[in-house]
Every structure is written in C-alpha cells, then in structure tokens.
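Please open the structure in your viewer, with the sequence panel beside it, and follow the stops below in order. At each stop there is something to select, followed by a description of what is there.

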Amino acid sequence: QMFKGFEKVKDVQYVYTPFDSSLCGVKLEANNKKQYLLTGQILSDGKVLTHLCNYIEPWDDLSLSQKKSLNQRYQMGCGCKVS
C-alpha cells in the first residue's frame, strides 16, 4: 500500500464514495480481493473519499512501467510513504 496523507490520517480502514454513479459513486469489486490504484481526498473529519472524477484503476490493468513508477520512481519527489 502506498499512501500520501499519513500526516492527516494514520490508519485507513474505509474508503467512502457516494451511493451510486449518478452521484459520482464508484463501484469496486471487494469480494474477489481485487487490488486498485485509488486517488481521492481526505475530508476534514478524516474520512477518505473517492468518486468517479478521481483516477481509479485495477492494479492488474496498469502497465509494468506504471507499477514500477508507483512503487519506486514517483515517491522520490513526493514524500509519499510506501509500505
């Protein structure tokens, strides 16, 4: 898991999204242990929110270059925490 925002939220247990797609809600497959690259916002109450306007991609659909960059290159300039 790579997460930028640990200074605001120490431990993310839930990612929130609006109820359905007409409200920009995102449906993700959670039962088959599919992994995703998610972007979103941290709200003032500490909730992590994602919606259709954010970048959301199944991890297996990313190119090898994207995966390598997320795990190694991108963190060099962003102060992200990678674990």
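Begin by selecting Glu29, which counts as partly exposed because its relative accessibility is 42%, where partly exposed covers what lies between buried, under 20% relative accessible area, and exposed, over 50%, with a 1.4 Å probe and protein chains only. Now add Lys34 to the selection, since Lys34 forms a salt bridge with Glu29, and the closest N and O atoms of the two are 3.6 Å apart. A salt bridge here is a side-chain nitrogen of Lys or Arg within 4 Å of a carboxyl oxygen of Asp or Glu, and a search of the whole structure finds 1 of them. Lys34 also counts as partly exposed, at 36% relative accessibility.

Before going further, please keep in mind that this is a predicted model, in which local features need pLDDT of at least 70 and side-chain atom pairs count only at pLDDT 80 or more, while totals for chains, interfaces and linings use all residues. Residues are numbered from 1 along each chain as its sequence is written, and side-chain values use heavy atoms, with hydrogens and water left out.

**From Lys34 to Pro58**

Keep Lys34 selected and add Pro58, which lies 24 residues away from Lys34 in sequence, although the two C-alpha atoms are 7.3 Å apart in space. Pro58 belongs to strand β6, residues 56–58; strands (E, at least two residues) and helices (H or I, at least four) are DSSP runs, numbered from the N terminus. With a relative accessible area of 16%, Pro58 is buried. If neighbours within four places in sequence are set aside, Pro58 is in contact with Lys34, Gln35 and Tyr36, where contact means heavy atoms within 4.5 Å.

**Strand β3**

Next, select Leu37, which lies in strand β3 and is buried, with a relative accessible area of 16%. Which residues does Leu37 contact, leaving aside its neighbours within four places in sequence? They are Tyr55, Ile56, Glu57, Trp59, Leu62 and Leu70. For one of these, Glu57, the C-alpha atom is 5.2 Å from that of Leu37, while the two residues are 20 apart along the chain.

Move on to Leu38, also in strand β3, which spans residues 36–38; at 32% relative accessibility, Leu38 counts as partly exposed. Add Val15 and Leu28 to see a nonpolar surface patch of about 200 Å² that these two make with Leu38. Patches are made of residues with over 30% relative accessible area and no salt bridge, with like charges joined within 9 Å and nonpolar side chains (Val, Leu, Ile, Met, Phe, Trp, Tyr) within 5 Å. Accessible areas come from the Shrake-Rupley method with a 1.4 Å probe, and for residues only the protein chains shown count as cover.

**Val15 and the open sheet**

Stay with Val15, which is found in strand β2 and, at 40% relative accessibility, counts as partly exposed. Not counting residues up to four places away in sequence, Val15 touches Leu38, Val48 and Thr50. The C-alpha atoms of Val15 and Val48 are separated by 5.1 Å, with their positions 33 residues apart along the chain.

Now select β2, β5 and β4, which form an open sheet of 3 strands in the order β2-β5-β4, with mixed pairing. Because β2 (15–16) and β4 (41–42) each have a single partner strand, they stand at the edges, and one side of each is left without a neighbour in the sheet. Strand β5, residues 48–49, runs antiparallel to β4 and is joined to it by 2 bridges, where two strands pair if DSSP finds at least two bridges between them. Gln41 stands opposite Leu49 in β5.

**The loop between β5 and β6**

Finally, select Thr50, which lies in the loop between β5 and β6: is Thr50 buried or exposed? At 3% relative accessibility, Thr50 counts as buried. A polar atom of the Thr50 side chain lies 2.8 Å from the backbone oxygen of Thr39. Asn54 has its place in the loop between β5 and β6 as well, and is buried, with a relative accessible area of 14%. Not counting residues up to four places away in sequence, Asn54 touches Thr39, Gly40, Gln41 and Leu49.

Terms used: Polar contact = N/O pair within 3.5 Å; in protein donor to acceptor, adjacent residues only side chain to side chain.
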